[in-house]
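Me: I am new to this structure. Please take one part of it and walk me through it closely, in short sentences.

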Amino acid sequence: MNVKSTFDDDVATTSTLLKRTPKSWPIPNSLITHGPAHIIAVVNQKGGVGKTTTTINLGASLAELGRRVLLVDFDPQGALSVGLGVNAHELRQEETVYQVLMDSHADIEKVILKTSIPGMDLLPANKDLAGAEVTLVNEMAREFFLKRRLASVSDYYDVILIDCQPTLGLLTLNALTAAHGVIVPLQCEFFALRGFAQLQENLERVRMSLNPTLELVGILATMYDKKTLHSREVLARILEAFPDKVFETVIAQTVRFPETTVAGEPITTYANSSGGAASYRRLAREFIAIGGSK
Ligand SMILES: Nc1ncnc2c1ncn2[C@@H]1O[C@H](COP(=O)(O)OP(=O)(O)O)[C@@H](O)[C@H]1O
Ligand SMILES: [Mg+2]
């Protein structure tokens with residue numbers, strides 16, 4: 001297992017941008033006991049910013065570090081499931097997170113799938129999940145459904161990552177209610193900050209009414225192109241606005257990520273020694289070091 005990346009030199013960091021020495025995130029101790037899971041929602045109301053890519057590759061990198069990981073596909077588009085090689089659109093309703101959410105007697109363990117990555121499991125979704133959003137509207141405590149369902153597997157896993165859809169509707173509210181923390185991928189482009197201000201207001205609303213201890217674990221700069229002034233300026237602005245809340249690890253733009261979607265596997269196995277794989281491995285070490293999970 002290549003957890004000790006020798007490719008860290010290729011990884012973009014906020015330190016490099018600020019002309020500081022990049023940090024060295026240690027390889028965490030292996031765990032002797034597992035659970036209870038730290039639940040993290042990967043959120044941004046904008047699509048195409050790297051939520052699904054981050055869920056898959058941070059998950060795979062945490063699994064490489066010996067963490068038991070569950071990925072929850074919480075987007076009716078099913079991109080997380082497809083990105084892990086699952087033919088989500090052929091799954092029956094009772095084989096997806098829809099069933100887990102809507103039927104309190106459903107056996108969540110039967111719906112959870114193993115992935116090609118040892119230690120990383122998947123709760124798959126497809127377009128049926130959109131129906132859950134409609135049905136939930138009429139339920140009591142409709143924001144708490146996912147939280148209750150995850151409670152039954154929480155003791156087994158160390159980390160549960162929820163890949164949210166790009167809206168702040170009822171499904172995402174369920175994810176934010178279930179979560180201890182939030183990771184926000186921000187694409188290094190001009191309107192990223194404006195979108196984030198809106199998201200912050202919504203997180204504050206969730207804290208006030210549903211989940212007072214919800215924590216912003218970090219903002220993750222994605223699709224960074226160090227060669228363009230634009231990318232560097234946007235990252236500098238994000239850092240200026242939230243100096244303590246940006247992951248030091250930055251995810252650079254590379255065609256390797258779209259390739260992995262087609263391959264149906266994480267970049268850590270598809271292109272084990274690529275800069276992209278090194279970035280997410282580094283992010284996993286940083287995530288643990290700053291207390292994102294054990
Ligand atoms: N760092 C990156 N560099 C280049 N392409 C990326 C990167 N991260 C993600 N992508 C690609 O961008 C598209 C959107 O990413 P995705 O993770 O699906 O975003 P979201 O889940 O926020 O909609 C996908 O085709 C993905 O392969
Ligand atoms: Mg997505």
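Reply: Start with the open sheet. In this predicted model, seven strands form it, in the order 4-5-3-6-2-7-8, and the pairing is mixed. Its edge strands are strand 4 (113-114) and strand 8, each of which pairs on one side only.

Begin at the edge with strand 4. Strand 4 runs antiparallel to strand 5 (residues 120-123), and two bridges join them. Here Leu113 has Leu122 of strand 5 as its bridge partner.

Strand 5 also pairs with strand 3. That pairing is parallel and spans four bridges. Within it, Val69 stands opposite Met120 of strand 5.

Now look at strand 3 itself, residues 69-74. Is strand 3 enclosed or open? Six of its six residues are buried, so the rest of the structure largely encloses it. The count behind "buried" is 20 or more other C-beta atoms within 10 Å of a residue's own. In a regular strand, side chains alternate between the two faces of the sheet. In strand 3, Val69, Leu71 and Asp73 point one way. Leu70, Val72 and Phe74 point the other way. Both sets are buried, Asp73 included.

On to strand 6 (residues 159-164). Strand 6 and strand 3 run parallel, joined by six bridges. Val72 has its bridge partner there, namely Ile162.

Next, go to the end of the order, where strand 7 and strand 8 sit side by side. Strand 7 covers residues 181-187, and it pairs with strand 8 in the parallel sense over seven bridges. Leu186 stands opposite Ala221, a residue of strand 8. What links up with these two strands to make a β-α-β unit? The answer is helix 9 (residues 192-209), and the unit is right-handed. Strand 8 (residues 215-222) is an edge strand, yet it is mostly covered. Six of its eight residues are buried.

Leave the sheet for helix 2, which runs from 51 to 64. Its 14 residues should span 20 Å at 1.5 Å a residue. The end C-alpha atoms are 20 Å apart, so the model agrees with that expectation. How many of the helix 2 residues are buried? The count is 14 of the 14, so helix 2 is largely enclosed by the rest of the structure. After helix 2 comes Gly66, with a positive phi near 85°.

A residue from much later in the sequence meets this helix. Ala284 belongs to helix 13 (residues 275-289). Ala284 and Ser61 are 223 residues apart in sequence, but their C-alpha atoms are 5.9 Å apart in space. Leaving aside residues up to four places away in sequence, Ala284 touches Leu58, Ser61, Leu62 and Leu65. Ala284 has 30 C-beta neighbours inside 10 Å, so it counts as buried.

Last comes ligand 1. There are 17 residues around it, and those that come nearest are Lys51, Thr52, Thr53, Phe257 and Pro258. Helix 2 is one of the elements that give two or more residues to this shell. The other is helix 11 (256-263). What kinds of residue make up the shell around ligand 1? Seven are nonpolar, nine are polar and one is charged.

So helix 2 turns up twice: it gives residues to the shell around ligand 1, and Ser61, one of the residues Ala284 touches, lies within its span of 51-64.

Methods: Residues numbered from 1 in each chain as written. Chains lettered and ligands numbered in written order. Predicted model: local features only at pLDDT ≥ 70, side-chain atom pairs only at ≥ 80, totals over all residues. Near = placed C-beta within 6 Å. Nonpolar A, V, L, I, M, F, W, Y, C, P; charged D, E, K, R; others polar. Expected span 1.5 Å × (residues − 1). Buried ≥ 20, exposed ≤ 12 C-beta atoms within 10 Å, placed from the backbone. Pairing = 2+ DSSP bridges. Right-handed = clockwise from strand over helix to strand, strands pointing away. Contact = placed C-beta atoms within 7 Å.
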